[in-house]
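Please open the model in a viewer and follow the stops below in order. Each stop names a selection and then describes what is found there.

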Amino acid sequence: DTRDIATPKRTKEILQKYGFSFKKSLGQNFLIDLNILSKIVGAAELTKEKGVIEIGPGIGALTEQLSRQAGKVVAIEIDQRLLPILADTLSPYPHAEVVHGDVLEMDVASLIQERFTEQSSVSVVANLPYYVTSAILMKLLEERLPLENIVVMIQKEVAERISATPGTKAYGALSVLAQFYAEADIVTIVPHTVFIPQPNVDSAVLRLRIRQKPAVEVKSEKMFYRVVKASFAQRRKTLSNNLMNNLFGKDRKEEMLAMLEEAGIDPARRGETLSLEEFARISNLIL
Ligand code: SAM
C-alpha cells in the first residue's frame, strides 16, 4: 500500500486495523497533514545521497515522506507496539529501517558510524514527543554528532526559546546552548489540527543548522555550560547574584567581581542581556 499514511482516513484505518491506543505518556500525537509534512521534509534539504535519523516514527507518517527524498532513513521508536505496524506501513520503503529503543539511552554516534557509511551527510528530522523535547535536543547537540541539520516539530514556546536573541523574554540557557552549536530558525508555526490526537499546546517547526565549529571560542565547554546555567538560575536576580549563588559561593564574591570587571561586564546586568560572546568571555576567565 503506497497511499500516503498521513491522511485522516488512512491513519484511522491503520489504527483500527491494529487496535492501537495512544499513550499520552509517550507524547504520541501523529501527523495527518501532508502540507505540514512537506514543509518539514523541505526544510531538511534532503537528497538521495543523504541520510536521516528520525526519532519516534509513530505509524510512519513522516518516515514515509523522508524515505521518498533521502537515500536512507533510520527511525528510532521506543514503543514496541508500533514495530509490527511500521513493518507493515513501511514495507514499500526498503531503505527505511526501524530501531527499537529510547533515543536518550542510545549511542547515536555509533549508530551514525555504523549505519550511514554510504551517505554524504546525516540529518535528524522528527516530530518529537513533547515531554522530552529539550533533553533530546541537548543530547543531540552536546554529543557533537556529525549532523548537517536538525529539523523538528516541537512546542512553539520551546522553538521560540531556542531561537531567541539576547534581551528578549524568551532568551535563556536553552537559547545560548543551542545557538552555541547551531544556527536556529523557525520554519513555520503549526496549528493543533494537523495531529491526531490534538495536543494542548501550539507547535512549530524548528531548524538547527549545525555549525562547523561552535559560535564562540571557549576553553572548556563544561565551564561555559556552568556559567550559562548559573546566570539564568533565577531570572530576576542580577548576573553577580546568580554567579555568586550558583557557581562561586558567597566566600568568593570578591574574586567573582574582579573577574567580571576584567571581562568588562557590569555585575548589575541580568543574564538575559548577555550575548554568547560575553558568556564565553566570562567562562574563559574562570579557568
Ligand atoms: N513521527 C510520528 C508522526 O509524526 O506522526 C509520531 C510522532 S509522536 C509526536 C512521537 C513518537 O515518539 C511516538 O511514536 C512515541 O512513541 C515516540 N517516542 C516517545 N519517546 C521516545 C523516546 N524516548 N525514544 C524514541 N521514541 C520515542
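**First stop: helix H3.** The model is predicted. Begin by selecting helix H3, of whose 9 residues 7 are buried, so that this helix is largely enclosed by the rest of the structure. The buried residues to highlight are Ala61, Leu62, Thr63, Glu64, Gln65, Leu66 and Ser67. Next, display the elements against which these buried residues pack: E1, helix H2 (34–43), strand E2 (51–55), E3, strand E4 (96–100) and strand E5 (122–127).

**Second stop: the ligand.** Which elements each supply at least two residues of the shell around the ligand? They are strand E1 (30–31), helix H3 (61–69) and strand E3 (72–77). Helix H3 therefore belongs both to the enclosed part of the structure and to the surroundings of the ligand. Now select the shell itself, in which 22 residues surround the ligand. Phe30, Gly56, Gly58, Asn127 and Pro129 are the closest. When the shell is coloured by residue class, 13 residues are nonpolar, 6 are polar and 3 are charged.

**Third stop: the annotated positions.** The unreviewed UniProt entry carries a "binding site" annotation that covers Asn29, Leu31, Gly56, Glu77, Asp102 and Asn127. Two of these positions, Glu77 and Asn127, merit individual selection.

Glu77 is located in strand E3. Is Glu77 buried or exposed? With 25 other C-beta atoms within 10 Å, Glu77 is buried, because 20 or more such atoms qualify a residue as buried. Apart from neighbours within four places in sequence, the contacts of Glu77 are Gly56, Pro57, Leu82, Leu83, Leu86, Val98 and His100.

Asn127 sits in strand E5 and is likewise buried, with 27 other C-beta atoms within 10 Å. Residues up to four places away in sequence aside, Asn127 touches Leu31, Gly56, Leu62 and Met153. Gly56 is thus found among the contacts of Glu77 and among those of Asn127.

**Fourth stop: the nonpolar core.** Select the largest nonpolar core, which has 74 residues. Within this core, Leu31 and Val125 have the most contacts. The element that gives the most to the core is helix H8 (residues 173–181), with 7 residues. Centre the view on Val125 and show the residues it touches, not counting those up to four places away in sequence: Ile40, Ala44, Val52, Glu54, Leu62, Leu66 and Val151. Of these, Leu62 and Leu66 also appear among the buried residues of H3.

**Fifth stop: Arg235.** Move to the loop between helix H9 (221–231) and helix H10 (239–248), where Arg235 is found. Arg235 is exposed, with 12 other C-beta atoms within 10 Å. Add Gly172 to the selection: Arg235 and Gly172 are 63 residues apart along the chain, and their C-alpha atoms are separated by 8.8 Å.

**Last stop: the whole chain.** Zoom out and colour by secondary structure, which comes to 12 helices and 9 strands. The radius of gyration is 21 Å, close to the 19 Å that the globule rule gives for 287 residues, so the protein chain is as compact as a globular protein of that length. The C-alpha trace spans about 70 × 40 × 30 Å along its principal axes. Of the 287 residues, 39% count as buried. Among contacts with a separation of 6 or more, 68% are between residues 24 or more positions apart.

Key
Residues numbered from 1 in each chain as written. Predicted model: local features only at pLDDT ≥ 70, side-chain atom pairs only at ≥ 80, totals over all residues. Near = placed C-beta within 6 Å. Helix = DSSP H or I, 4+ residues; strand = E, 2+ residues; numbered from the N terminus. Nonpolar A, V, L, I, M, F, W, Y, C, P; charged D, E, K, R; others polar. Rg over C-alpha atoms; globule rule 2.2 N^0.38 Å. Contact = placed C-beta atoms within 7 Å. Core = buried A, V, L, I, M, F, W, Y, C linked by C-beta atoms within 7 Å. UniProt positions renumbered as here; feature names shortened; annotations may be inferred.
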